[in-house]
Amino acid sequence: MAFLYAAVGLVIGLIVGIIIARLMTPEYKKHKQIQKELETAKFELEQHRQDLADHFSNSAEMLDTLGKNYTKIYQHMAQSSSNLLPNLPKQENPFAIQASEPTPDEQRKAEELTDVQPKDYANGATGLLKEQKKSIVDSPKMNKAS
């Protein structure tokens with residue numbers, strides 16, 4: 001029975017010793033420190049990404065507002081120039097072409113332009129995808145690999 005108590009005590013002592021040694025080693029402390037730095041860096045990176053997304057979102061809203069305000073100013077200037085200078089020829093009036101809704105012809109032309117393929121694309125399949133039979137040249141003068 002004494003042998004059993006000694007063996008159990010030895011096993012418990014070994015387990016406690018391993019745990020204490022593991023917690024006290026500089027490598028364990030260094031590992032914990034690096035793990036903490038990694039988590040901090042991940043948090044900062046995620047925060048930076050969120051700040052960047054917010055910045056681009058705000059910039060997009062500002063650009064949209066700027067575009068709308070520019071359109072309003074241009075329409076106001078065009079209307080004012082036509083009201084204040086009704087006899088001014090269109091060639092001399094910088095606001096003669098008003099920024100208004102596009103006409104149906106202009107919309108149709110814009111849609112046609114967007115449906116057209118770019119010029120750098122070839123019509124149909126080319127190269128390896130082409131389903132054209134290759135002609136085999138059979139010449140008596142041709143050397144055959146052996």
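In what order do the elements of the protein run from the N terminus on? They run α-α-α, and the count agrees with that picture, with 3 helices and 0 strands in the protein. Please keep in mind as you look around that this is a predicted model.

Let's start at the N-terminal end. Helix H1 covers residues 2-24, and a record has something to say about this part of the chain: an unreviewed UniProt entry lists residues 6-25 as a "transmembrane region". In the model, that span is 95% helix and 0% strand, and the C-alpha atoms at its two ends lie 28 Å apart.

Next comes helix H2, made up of residues 26-84. H1 and H2 pack against each other with their axes 5 Å apart and at an angle of about 55°. Angles from 65 to 115 degrees would count as roughly perpendicular and those under 35 degrees as roughly parallel, so H1 and H2 are oblique to each other. To find the place where they meet, look for Arg 22, Leu 23 and Met 24 in H1, which touch Pro 26, Tyr 28 and Lys 29 in H2. Sorted by class, this contact of H1 with H2 has 4 nonpolar residues, 2 charged ones and no polar ones.

Now step back to the whole chain. How much of the protein counts as buried? Of its 146 residues, 3% do. The protein exposes about 14500 Å², and 61% of that area is supplied by carbon and sulfur atoms.

Terms used: Residues are numbered from 1 along each chain as its sequence is written. This is a predicted model: local features need pLDDT of at least 70, side-chain atom pairs count only at pLDDT 80 or more; totals for chains, interfaces and linings use all residues. Side-chain values use heavy atoms; hydrogens and water are left out. UniProt positions are given in the numbering used here, feature names are shortened, and annotations may be inferred rather than shown by experiment. Helices (H or I, at least four residues) and strands (E, at least two) are DSSP runs, numbered from the N terminus. Buried means under 20% relative accessible area, exposed over 50%, partly exposed in between (1.4 Å probe, protein chains only). Accessible areas come from the Shrake-Rupley method with a 1.4 Å probe; for residues, only the protein chains shown count as cover. Axes are lines fitted to C-alpha atoms, for helices over the stretch in contact, and angles run from 0 to 180 degrees between N-to-C directions. Angles under 35 degrees count as roughly parallel, over 145 as roughly antiparallel, 65 to 115 as roughly perpendicular and the rest as oblique. Contact means heavy atoms within 4.5 Å. Ala, Val, Leu, Ile, Met, Phe, Trp, Tyr, Cys and Pro count as nonpolar, Asp, Glu, Lys and Arg as charged, and the others, Gly among them, as polar.
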